[in-house]
Amino acid sequence: MRAFTYERAKDPVAAARAVAARPGAKFIAGGTNLLDLMKIEVETPTHLVDVQDLGFNKIEATPEGGLRIGALVTNTDLASDARVRRDYGVLTRAIVAGASGQLRNKATTAGNLLQRTRCPYFYDTNMACNKRAPGSGCAAIGGVSRQLGVIGVSDACIATFPGDMAVAMRVLDATIETVDATGARRAIPIAEFHRLWGEHPETDTVLHSGELITAITLPRPIGGRHIYEKVRDRASYAYALVSVAAVIQPDSTGRVAFGGVAPRPWRVEAAEAMLPKGAAAVTALAFKGATPTKDNAFKLTLATRALASVIAQAKVTPA
Amino acid sequence: MSASSDWAISRRGVLGAGAATAAVAVAPAMAAAQNPAKTMEAPKMPVTLKINGQDHTLTLDPRTTLLDTLREHLHLTGTKKGCDHGQCGACTVIVNGRRINSCLSLAVMHEGHQVTTIEGLGKPGALHPMQAAFVKHDGYQCGYCTPGQICSAVAVLDEIKRGVPSHVQADLMTAPTPGNMELRERMSGNICRCGAYSNIAEAIAEVAGSPA
């Protein structure tokens, strides 16, 4: 691990200023992904600004009837919250499908959104990777790409966003609230938060340098049957090959987003409108224009079957 | 007795070295060779941790993980370094009542926090019930993952009591119970290379008072 200096921020704008003012500075909260990457020098911050004292660790009701989740609420605490379990079950289901108990106790809500890809070529510093070393190429294209992306990827990068929580937040239409070094605040719909790689896979999100996530808000509950179906190589503690977050209403309409397939939670509203016609009708539209490799083309079939399973579960035990 | 404990120490040394080698083999290639200009030092920082009920004030390089603080600076070597990447769970300790991977946390992030390690759970002659149950059910072979398994298991039972949900829970609005599938799911962050899982599950189930 490279050497770095460390400070504890006392207020959000000061934290944002501390990071914006120093190239190479980063925020640290739970640290479970950042420290892992620092150990192998994929991440090499020169200064860490620890945000744990900023008080963003509460989940509060909003005047609109939704929830405001503090950026520092741990994954365990978010999944355990009685309001989340009752009204946003897909979110609890997605969180407990990810990582391990130890990691969920430490990882934060904002950190989960900001976690980096688990593409093995991003981790292997002997390999070309445009995300880790811009311009070096992509060893994953033409490499072993079974786990990697099938849609929304580019000629520069075929990595996926690896998380589960964000896939559920995408069907719940979450909004990410931030503050920057000038004190300016903005609210970013989760649909616009994670970038498609294009020519610049080194940048994962639309956040500016020093912009700090303060909270994630959920709109008022929409009812329906909440399901998170995750298909993976082990029954526990593994990343998704394909996951499906869904909220299915009694009339068979609903919302659906896919994980493990793209640079961001993959939701196509025109495709989910086909839900009453069945899984194949949805995925035909949702994955139109997909560019799978020979290793990961199975994900397209798997996505249809995983969604079919979700639709069947919703019929057996409706909301 | 002294001969047998000498043997135990050397056996552990060998096992530790073996695990470290295995960790290097599974970890992604190290980047040190590509980054020759990496050895700048950052100023050391003071940190006070309450470990097993006792305050310890140390001055540490900010890079020092909680795991290395316990092992290298305080010689609490019960907590083990397996993969050093949060994948194996050998380094599991309980911080402010929650189990975490001590390898993926910096000591300076834990100023004033209360840390419980395997040494703080019980002592020879006064074992924690979970330690006693692991002995009774033979919940290990080589023993390297055992401190992490036991710290994790103690925290798992507390999580079930507090109603923390899990992936295998059928109904999110019903309180979880410590059945076999629940224990296995909740313990999935602790890897046992010897494959003592069945006995580990039995040990935990006995402490939980549920059939394995």
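Trainee: Is A:T283 buried or exposed?
Mentor: Buried, since the relative accessible area of A:T283 is 6% and anything under 20% counts as buried. Keep in mind that this is a predicted model.

Trainee: Where does A:T283 lie?
Mentor: In helix 11 of chain A, which covers residues 279-286.

Trainee: And what does A:T283 touch?
Mentor: Leaving out residues up to four places away in sequence, A:T283 touches A:F258, A:K288, A:A303, A:T304 and A:L307. With A:T304 there is also a polar contact: the side chains of A:T283 and A:T304 are joined at 2.7 Å.

Trainee: OK, cores next. Which residues touch the most other members in the largest nonpolar core?
Mentor: That core has 51 residues, and A:L78, A:L91, A:L113 and A:M169 touch the most other members. Helix 9 of chain A, residues 165-171, gives the most to this core, with six residues.

Trainee: What does A:L78 touch, not counting residues up to four places away?
Mentor: Quite a list: A:I59, A:I69, A:V73, A:V84, A:L91, A:T92, A:I95, A:T109, A:M165 and A:M169. Apart from the largest core lies another one, of 26 residues. Its members include A:I227, A:F287, A:L302 and A:L307. You've met A:L307 already, as A:T283 touches A:L307.

Trainee: Switching to charges. How many salt bridges does the structure hold over all chains?
Mentor: The count over all chains is 31. One of them pairs A:E41 with A:R2, where the closest N and O atoms are 3.4 Å apart. This pair links distant parts of the chain, 39 residues apart. A:E41 is in the loop between helix 2 and strand 3 of chain A, and A:R2 is in the segment before strand 1.

Trainee: Are A:E41 and A:R2 buried or partly exposed?
Mentor: One of each. A:E41 counts as buried because its relative accessibility is 8%, under the 20% cut-off. A:R2 is partly exposed, at 23%.

Trainee: Which residues are linked in a network of salt bridges?
Mentor: A:R170, A:D173, A:R255, A:R267, A:E269 and A:E272. Take A:R255 and A:D173: they form a salt bridge with the closest N and O atoms 3.4 Å apart. These two residues are 82 residues apart along the chain. A:R255 is in strand 11, residues 254-259, and A:D173 is in the loop between helix 9 and strand 6 of chain A.

Trainee: So how buried or exposed is A:D173?
Mentor: Partly exposed, with a relative accessible area of 31%.

Trainee: What about A:R267 and A:E269?
Mentor: Their side chains meet in a salt bridge at 3.7 Å, N to O. A:R267 counts as buried at 10% relative accessibility, while A:E269 counts as partly exposed at 39%.

Trainee: Let's do the interface. How many residues does the contact take from chain A and from chain B?
Mentor: It takes 46 residues from chain A and 49 residues from chain B. The area buried between the two chains is about 4100 Å², and carbon and sulfur atoms give 54% of that. A:K39, A:R93 and A:Q102 supply 17% of the area that chain A buries against chain B, more than any other three residues.

Trainee: How many salt bridges are there across the interface of chain A and chain B?
Mentor: The rule finds two. A:K39 forms a salt bridge with B:D84, its closest N and O atoms being 2.9 Å apart. Across the interface of chain A and chain B there are also 22 residue pairs in polar contact.

Trainee: Which element supplies the largest share of the side of chain A that touches chain B?
Mentor: Helix 6 of chain A, with five residues. The residues on that side of chain A divide into 17 nonpolar, 16 polar and 13 charged.

Trainee: Last one: where is A:T317 found?
Mentor: In the segment after helix 12 of chain A, the helix being 298-316. A:T317 is partly exposed, with a relative accessible area of 39%. The C-alpha atoms of A:T317 and A:P250 are separated by 10.0 Å, and the two residues are 67 residues apart along the chain.

Terms used. Residues are numbered from 1 along each chain as its sequence is written. Chains are lettered from A and ligands numbered from 1 in the order in which they are written. This is a predicted model: local features need pLDDT of at least 70, side-chain atom pairs count only at pLDDT 80 or more; totals for chains, interfaces and linings use all residues. Side-chain values use heavy atoms; hydrogens and water are left out. Contact means heavy atoms within 4.5 Å. Buried area is the accessible area (1.4 Å probe) that two parts lose on being put together, summed over both. A salt bridge is a side-chain nitrogen of Lys or Arg within 4 Å of a carboxyl oxygen of Asp or Glu. A polar contact is a pair of N or O atoms within 3.5 Å; within protein, one must be able to donate a hydrogen and the other to accept it, and residues adjacent in sequence count only if both atoms are side-chain atoms. Helices (H or I, at least four residues) and strands (E, at least two) are DSSP runs, numbered from the N terminus. Ala, Val, Leu, Ile, Met, Phe, Trp, Tyr, Cys and Pro count as nonpolar, Asp, Glu, Lys and Arg as charged, and the others, Gly among them, as polar. A nonpolar core is a set of buried Ala, Val, Leu, Ile, Met, Phe, Trp, Tyr and Cys residues joined through side-chain atoms within 4.5 Å. Buried means under 20% relative accessible area, exposed over 50%, partly exposed in between (1.4 Å probe, protein chains only).
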